[in-house]
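This report is meant for a reader who is meeting the structure for the first time, and it moves from charged pairs to surface patches and then to a single loop position. Please keep the sequence and the view of the model at hand while reading.

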Amino acid sequence: LDLTSGSERWRFIAEAPVRMAPAYRNGRVYFGSDDGYLYCVGARKGDLVWRARGVPEDTIDSRMLANGRLCSRWPVRGAPVVSQDTVFFGAGLWPEEGAYVTAVSAKTGEVLWRSDSMSHIKDGMSDHGKSYDLGLPPHGYLAIIDGKLAAPSGRSLAAWFDLEDGEMEPYICFYVKLNPPRGAWQVSGIGRYSVQGGNWFGTRPDSLPPTPPA
């Protein structure tokens, strides 16, 4: 839209709903769609530059009905975040079918790495002193904090990834009797700290101050 008049300058139509806000960098707009693709379009004319799937290339492009609309089995609801020449995003809502975080070249859409580590995490949940296996769909606004990639997953805490190779850090989510809940679909941070679900966390083991002696 034109910022002065509100008139439409261009319109781009994906094959399914766009649920999350786009990211902008260097004259290009990046956004994900429920059709399972991340799109890159020109900011001036809305022309398609490239699109990339969040799942492995040999995965069948399977569609299904969700809330009355056609949707990929691996919709892109992990909103993109851009760092230098790389775009990071998440795909998949049902971890047992695969939940993926993918890094692609911002220029070409070429896949740099892809991780399915969020699909199944052994003993990833600690609830009332008992451990449970956990699957996390990347659902929300990804963020880069303290040189790491944070992938939120609704009510659970964010998972953290290395920007260069996509290795996921050891994960644990725990029971917290607070309102709002322990996680959220957004995560923010500053320096060596992150904030999610109304709670502060350290991004490194030595981030938090030492416990004072009794």
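## A pair between two strands

In this predicted model, K122 and D133 form a salt bridge in which the closest N and O atoms are 3.8 Å apart. K122 belongs to strand β11, which covers residues 121-127, while D133 belongs to strand β12, so the salt bridge ties together parts that are eleven residues apart in sequence.

Are the two partners buried or exposed? K122 is exposed, because its relative accessible area is 60% and the word applies to values over 50%. D133, with 38% relative accessibility, counts as partly exposed.

## Pairs that link distant parts of the chain

Side chains of opposite charge can pair when their charged atoms come close. By the rule applied here, the count comes to twelve salt bridges, and one of them joins R19 to D34, with 2.9 Å between the closest N and O atoms. This pair links distant parts of the chain, since R19 sits in the segment before β1 (23-25), whereas D34 sits in the loop between β2 (28-32) and β3 (37-42), 15 residues apart. The two partners also have their own accessibility values: R19 is partly exposed at 39%, while D34, at 0% relative accessibility, counts as buried, because that term covers values under 20%.

The side chains of R204 and D146 likewise meet in a salt bridge, with a distance of 2.7 Å from N to O. Here too the pair links distant parts of the chain, with R204 in the segment after β20 (199-202) and D146 in the loop between β14 (143-145) and β15 (148-153), 58 residues apart. R204 counts as partly exposed at 36% relative accessibility, and D146 counts as partly exposed at 22%.

## A network of charges

Which residues are linked in a network of salt bridges? The network is made up of E15, R51, D61 and R63.

## Patches on the surface

A negative patch on the surface is formed by D162, E164, D165 and E167. Of these residues, D162 has its place in strand β16, which spans residues 156-162, and at 33% relative accessibility D162 counts as partly exposed.

A nonpolar patch on the surface is formed by I190, Y193 and W200, which together have about 370 Å² of accessible area. Y193 lies in strand β19, made of residues 193-196, and at 30% relative accessibility Y193 counts as partly exposed.

## The loop position G135

Where is G135 found? The residue G135 is in the loop between β12 (130-134) and β13 (140-141), and with a relative accessible area of 30% it is partly exposed.

Once the neighbours within four places in sequence are left aside, G135 is in contact with P95, M118 and S119. For a view across the chain, G135 can also be set beside S62: the two are 73 residues apart in sequence, and their C-alpha atoms are 21 Å apart in space.

Conventions: Residues are numbered from 1 along each chain as its sequence is written. This is a predicted model: local features need pLDDT of at least 70, side-chain atom pairs count only at pLDDT 80 or more; totals for chains, interfaces and linings use all residues. Side-chain values use heavy atoms; hydrogens and water are left out. Patches are made of residues with over 30% relative accessible area and no salt bridge: like charges are joined within 9 Å, nonpolar side chains (Val, Leu, Ile, Met, Phe, Trp, Tyr) within 5 Å. Accessible areas come from the Shrake-Rupley method with a 1.4 Å probe; for residues, only the protein chains shown count as cover. A salt bridge is a side-chain nitrogen of Lys or Arg within 4 Å of a carboxyl oxygen of Asp or Glu. Lys and Arg count as positive and Asp and Glu as negative; His and the chain ends are not counted. The place of a charge is taken as NZ of Lys, CZ of Arg, CG of Asp or CD of Glu. Helices (H or I, at least four residues) and strands (E, at least two) are DSSP runs, numbered from the N terminus. Buried means under 20% relative accessible area, exposed over 50%, partly exposed in between (1.4 Å probe, protein chains only). Contact means heavy atoms within 4.5 Å.
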